[in-house]
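Q: Please take a close look at the surroundings of the ligand in this model, and at how the sheet and helix beside them are arranged. A single connected description is enough.

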Amino acid sequence: MSHAIEPKAGILEISPYQGGASHVEGVSDVVKLSSNENPLGPPESAREALRRTAHLLHRYPSSDHASLRQAIGEVHKLDPERLICGAGSDEIISMICQAYTGPGTEVIHTEHGFAMYRISALASGATPVEVREHERKVDVDAILDAVSFRTRLVFVANPANPTGTMLGNNELGRLAAELPDHVLLVLDGAYAEYVEGYDGGAKLVDKRENVVMTRTFSKIYGLGGLRVGWAYAPAHVIDVLNRVRGPFNVGEPQLAAAEAAVRDREFVERSRAENSRMRTWLAKALAELGVMSDTSTANFVLARFDNEAEANACEDHLRAEGLLVRRVAGYKLPNCLRITVGDEASCRRVVHSIAQFK
Ligand code: PMP
């Protein structure tokens with residue numbers, strides 16, 4: 001159908017997001033392992049912060065997010081002046097595309113890379129350029145080969161979603177060093193906290209003028225429902241992003257809860273340790289059933305089946321039992337299912353159900 005008023009080129013190439021189900025007809029004890037959420041739930045410290053700020057709902061929030069930036073800065077030893085907060089890292093990704101790309105420019109993402117990179121590029125009028133991966137791992141040389149004078153951004157999630165694989169600091173450093181000056185490298189560290197000792201690329205941001213690191217409160221911090229993310233970037237990038245950012249893009253209760261969560265290191269450590277323990281257990285139990293996965297560095301496992309039909313049949317089987325996992329055919333991984341690492345009882349249920357399926 002054609003309308004007199006049409007969106008700009010690229011918009012109609014975006015498919016509206018199909019939200020995954022969170023309940024199953026006739027099943028009361030549904031376990032949602034489809035969105036990489038923290039099975040421990042939100043930290044008590046964040047709930048308390050929400051209660052504390054409930055009386056402020058009629059007020060507009062702080063527009064500079066100074067208190068949250070200060071807290072992130074203290075915890076991660078980063079300059080608060082070079083931090084910016086957004087409504088989830090989704091909004092930060094979108095702001096970066098809005099500010100740095102447009103018609104005639106290209107945005108590089110990888111074959112199995114997170115969907116928002118392509119969507120945000122198209123929404124900004126830019127052309128997304130997909131680059132192959134090597135055995136479900138980001139390939140630095142393939143990215144460098146794809147760079148042209150039109151390229152403005154390269155998005156790399158590290159760890160990556162939905163593969164769970166990651167690049168080492170040397171490979172990331174080489175990518176940043178070999179990109180031409182007109183290209184910004186966006187390191188998406190949504191799952192960085194799951195990797196002990198990994199700084200999400202912060203040191204690389206300090207070393208170079210062309211690297212941005214994005215982070216989120218949706219994963220290890222257990223606050224996906226609040227929509228808070230942040231980025232650490234060179235001062236010139238922060239200045240640009242603050243020009244496109246809406247003045248009240250993050251609500252006060254969200255800011256307060258995120259601040260409490262980032263200071264709650266005990267919660268983060270416990271979440272990381274539990275995730276590591278159950279991820280190892282889950283991958284091993286699946287392998288014993290003949291379902292292989294790459295070594296995951298995040299809070300999910302990408303389970304490989306023989307073919308698409310088997311993966312889909314397994315997902316149907318799990319869903320009928322109230323176990324929700326993610327199909328990733330849209331990520332060009334049709335024979336795989338992404339399973340979030342749940343608590344011990346959930347992981348046991350998944351393995352038991354897959355054993356029955358097999
Ligand atoms: N980056 C990656 C790699 C992700 O997997 C996600 C969440 N699915 C996000 C960014 C966005 O997270 P949020 O907007 O909740 O911060």
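**The ligand shell and its framework**

A: In this predicted model, helix α3 (residues 88–100) supplies the largest share of the shell around the ligand, 3 residues. The ligand is surrounded by Gly88, Ser89, Asp90, Phe114, Ala157, Asn161, Asp188, Ala190, Thr216, Ser218, Gly224 and Gly229. By class, the shell divides into 7 polar, 3 nonpolar and 2 charged residues.

Next comes the annotated lysine. An unreviewed UniProt entry lists Lys219 for "modified residue: N6-(pyridoxal phosphate)lysine". Lys219 sits in the loop that runs between β7 (211–216) and β8 (229–232). Is Lys219 buried or exposed? Lys219 counts as buried, because 27 C-beta neighbours fall inside 10 Å and the threshold for burial is 20 or more. Leaving aside residues up to four places away in sequence, Lys219 touches Asn36, Asn38, Ala190, Tyr191 and Asn299. One of these, Ala190, also belongs to the residues that surround the ligand.

The framework is an open sheet of 7 strands with mixed pairing, in the order β2-β8-β7-β6-β5-β3-β4. At its edges stand β2 (83–86) and β4 (127–131); each has a single partner strand, so one side of each is left without a neighbour in the sheet. From one strand to the next, the twist averages 25°. Within the sheet, β5 (residues 151–157) and β6 (residues 184–188) pair in the parallel sense over 5 bridges. Phe155 stands opposite Val186 of β6. In general, strands of a sheet pair through backbone hydrogen bonds, either parallel or antiparallel.

Helix α3, already met as a contributor to the ligand shell, lies across β2, β3 (106–110), β5, β6, β7 and β8. Relative to β7, α3 runs at about 155°.

For contrast with the buried lysine, consider Asp239 in helix α8 (residues 235–244). Asp239 is exposed, because 12 other C-beta atoms lie within 10 Å and the limit for that class is 12 or fewer. The C-alpha atoms of Asp239 and Ile84 are separated by 9.5 Å, although the two residues are 155 residues apart along the chain.

As for the wider setting, the unreviewed UniProt entry lists residues 29–354 for "domain: Aminotransferase class I/classII large". That span is 42% helix and 17% strand, and its end C-alpha atoms lie 17 Å apart.

Terms used
Residues numbered from 1 in each chain as written. Predicted model: local features only at pLDDT ≥ 70, side-chain atom pairs only at ≥ 80, totals over all residues. Near = placed C-beta within 6 Å. Helix = DSSP H or I, 4+ residues; strand = E, 2+ residues; numbered from the N terminus. Nonpolar A, V, L, I, M, F, W, Y, C, P; charged D, E, K, R; others polar. UniProt positions renumbered as here; feature names shortened; annotations may be inferred. Contact = placed C-beta atoms within 7 Å. Pairing = 2+ DSSP bridges. Axes fitted to C-alpha atoms, helices over the stretch in contact; angles between N-to-C directions.
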